[in-house]
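Take a look at the chain below. The walk-through starts with the annotated span, then takes up two helices, two buried residues and the nonpolar cores.

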Amino acid sequence: MTTRKHTALPKAQILIEALPWLTRHHGRTVVIKFGGNAMIDDDLKSAFAQDVVFLRHAGLRPVVVHGGGPQISAQLDRMGLESEFKAGLRVTTPEAMDVVRMVLAGQVQRELVNLLNRHGPLAVGLTGEDAHTMSATKRYARIDGKQVDLGRVGEITAVDTGAIEALLDDGRIPVVSSIARSADDGHIYNINADTAAAALAAGLGAETLMVLTDVEGLYADWPNSDEVISQLTASELEELLPDLASGMVPKMEGCLYAVRNGVTTARVIDGRVQHAILLEIFTDEGIGTMVVPDHKGEQG
Ligand SMILES: Nc1ncnc2c1ncn2[C@@H]1O[C@H](COP(=O)(O)OP(=O)(O)O)[C@@H](O)[C@H]1O
Ligand SMILES: CC(=O)N[C@@H](CCC(=O)OP(=O)(O)O)C(=O)O
């Protein structure tokens, strides 16, 4: 008797190839930062949502922290308000803060929650204001040795991961907007989303921080060459930090903070590649840039 030819066999092989990664990551928390510049089209956003739901069903504990810089700038523009960045951070007047909150919590977060919930009752949105998830104090920038006022831009002083952990324990996918309550003056604060993701990853004791953006990773000599640094240690990154420009600064500072505070790997990957998250988590061909602690003992 001949055995029947199963045309779907290659699919089974692909699933089995993922087994070592499924085993390794099972039960682990992964914080995924989805940047405003990576949310460039509807297909990519749907693929992002599929990947996050896939991780959840594969037994990981995904937490989404989202940005929305371009979306905030567009709304400020529509309202005739100015957008100005200093040291990579948005100068945020009290009026602009209302717009930041409206766009992040009312628009971008809602869209991501709805995309994820096409796959079931999984996603729950919150901002750092909820349940004291993120507390902050006023942050100043230092430019050419001088202290510069950025308005309602905050520096995270504490994270309380209780609400996020309760959601994760309940099988939900928390989607967090990068706004913090004030620790001292009753205001709310605008937090760079990379910084928020890194602080939450550390607070949650996440295995992985994954930052999706609109470039392939950290370029060794940006903008002169497109050679991507595939892996570097925390100390190597620390040396590079003073030479980095604009949007990469909070990302790489966040990666450094994360791996110095117990996160096993922090990665910057290209959100323009469909299913970038699955490629990164379930295959050997890691894409983008991976930051690792100097030596195992450094992890918390
Ligand atoms: N060394 C570097 N490697 C890669 N990108 C860099 C580098 N230095 C600066 N950049 C810039 O940082 C940008 C990513 O940051 P940003 O625009 O804030 O993205 P996001 O909205 O995803 O947070 C890139 O598009 C690139 O223009
Ligand atoms: C203080 C500060 O700059 N906050 C950011 C928050 C959003 C963000 O970080 O969005 P991306 O990840 O898309 O850049 C802003 O107002 O644009």
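What follows is a short tour of a predicted model.

Start with the record. An unreviewed UniProt entry lists residues 29-270 as "domain: Aspartate/glutamate/uridylate kinase". In the model, that span is 37% helix and 31% strand. Its end C-alpha atoms lie 20 Å apart.

Now go to helix α3, residues 42-57. How far apart are its end C-alpha atoms? They are 23 Å apart. At 1.5 Å a residue, the 16 residues should span 22 Å, so the expected and computed values agree. The N-terminal end is capped by D41. A side-chain oxygen of D41 sits 3.0 Å from the backbone nitrogen of D43. Past the other end comes G59, just after α3, with a positive phi of about 95°.

Helix α3 has a long list of partners. Its buried residues are L44, K45, A47, F48, A49, D51, V52, V53 and L55. Note that K45 and D51 are among them. These buried residues pack against strands β1 (29-34), β2 (61-66), β8 (173-182) and β10 (208-213). They also pack against helices α5 (94-116) and α10 (276-282).

Helix α4 covers residues 69-78. Here Q71, I72, Q75 and L76 are buried. Why do they lie on the same side of α4? They cover an arc of only 135° around the axis, which puts them there. The general rule is that an α-helix has 3.6 residues a turn, so residues three or four places apart point the same way. The buried residues of α4 pack against β4 (89-90) and α5. The face turned away from that buried side carries the exposed residues D77 and R78. After α4 comes G80, whose phi is positive, near 75°. Helix α5 thus appears again: buried residues of α3 pack against α5, and so do those of α4.

Next, strand β8, which holds P174. Is P174 buried or exposed? P174 is buried, with a relative accessible area of 0%; the cut-off for buried is under 20%. Leaving out residues up to four places away in sequence, P174 touches P62, V63, V64, V124, L126, I164, L167 and L168. E111 lies 63 residues from P174 along the chain, and their C-alpha atoms are separated by 13 Å.

One of those contacts, I164, leads into the cores. With the same sequence neighbours left out, I164 touches V63, L126, T133, P174, V176, L200 and L204. The largest nonpolar core has 41 residues. Which of them touch the most other members? They are V31, I164, V176, L209, L237, M252 and V291. A second, separate core has 40 residues, including F34, V100, L122 and I173.

Finish at strand β13, residues 289-292, where T289 is found. T289 is buried, with a relative accessible area of 1%. Where does its side chain make polar contacts? One polar atom of the T289 side chain lies 2.7 Å from the backbone nitrogen of L218. The backbone oxygen of I229 also has a polar atom of that side chain 2.7 Å away. Beyond neighbours within four places in sequence, T289 is in contact with G217, L218, V228, I229, S230, L232, A266, R267 and V268.

Technical notes. Residues numbered from 1 in each chain as written. Chains lettered and ligands numbered in written order. Predicted model: local features only at pLDDT ≥ 70, side-chain atom pairs only at ≥ 80, totals over all residues. Heavy atoms only, no water. Helix = DSSP H or I, 4+ residues; strand = E, 2+ residues; numbered from the N terminus. Expected span 1.5 Å × (residues − 1). Buried < 20%, exposed > 50% of the residue type's maximum accessible area, 1.4 Å probe, protein only. Contact = heavy atoms within 4.5 Å. Polar contact = N/O pair within 3.5 Å; in protein donor to acceptor, adjacent residues only side chain to side chain. Arc of directions from axis to C-beta. Core = buried A, V, L, I, M, F, W, Y, C linked by side-chain atoms within 4.5 Å. UniProt positions renumbered as here; feature names shortened; annotations may be inferred.
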